[in-house]
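Q: I'm new to this structure and would love a close look at a single part of it. Could you walk me through one strand and its surroundings?

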Amino acid sequence: MTVQPYPLYIERIDPSKNMARFYALSIEPNLFGETSLVRSWGRIGSRGQQKIHVFDSEAKAVDLLLALLRQKRSRGYLPLQ
């Protein structure tokens with residue numbers, strides 16, 4: 001069971017390209033005692049899309065969260081200021 005919640009929200013805004021995107025990640029427990037990594041992304045102001053990854057351990061979910069965060073930060077996504 002997840003002891004510490006890991007919510008994360010980052011955005012990429014570039015008015016010259018008419019770009020306003022968000023990417024949200026959170027690690028949450030599910031009803032079966034497993035750990036889920038919930039990914040949401042899309043244009044700011046829209047509902048966007050969502051994907052859920054299920055893991056048997058919290059450490060594996062944290063590893064994927066950190067890998068996705070590194071990838072998004074390299075593409076210009078930043079936390080809210």
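A: Happy to! A good place to begin is a pair of facing residues: Ser26 stands opposite Val38 in strand 3. Please keep in mind that this is a predicted model.

Let's stay with strand 2, which covers residues 19–29. Eight of its eleven residues are buried, so strand 2 is largely enclosed by the rest of the structure. Strand 3 spans residues 35–43, and strand 2 pairs with strand 3 in the antiparallel sense over nine bridges. Strand 2 also pairs with strand 1, residues 8–14, again in the antiparallel sense, over seven bridges. On that side, Leu25 of strand 2 is the bridge partner of Leu8.

Now for the turns at the ends of strand 2. Strand 1 and strand 2 form a hairpin with four residues between the strands, and there Asn18 takes a positive phi near 55 degrees. The hairpin of strand 2 and strand 3 has five residues between them, and Gly33 in the turn has a positive phi of about 80 degrees.

Gly33 deserves a second glance. This glycine lies in the loop between strand 2 and strand 3. With a relative accessible area of 41%, Gly33 is partly exposed, because it falls between the 20% limit for buried and the 50% limit for exposed. Gly33 also sits 9.7 Å from Ser57, C-alpha to C-alpha, although the two are 24 residues apart in sequence.

Technical notes: Residues numbered from 1 in each chain as written. Predicted model: local features only at pLDDT ≥ 70, side-chain atom pairs only at ≥ 80, totals over all residues. Heavy atoms only, no water. Helix = DSSP H or I, 4+ residues; strand = E, 2+ residues; numbered from the N terminus. Buried < 20%, exposed > 50% of the residue type's maximum accessible area, 1.4 Å probe, protein only. Pairing = 2+ DSSP bridges.
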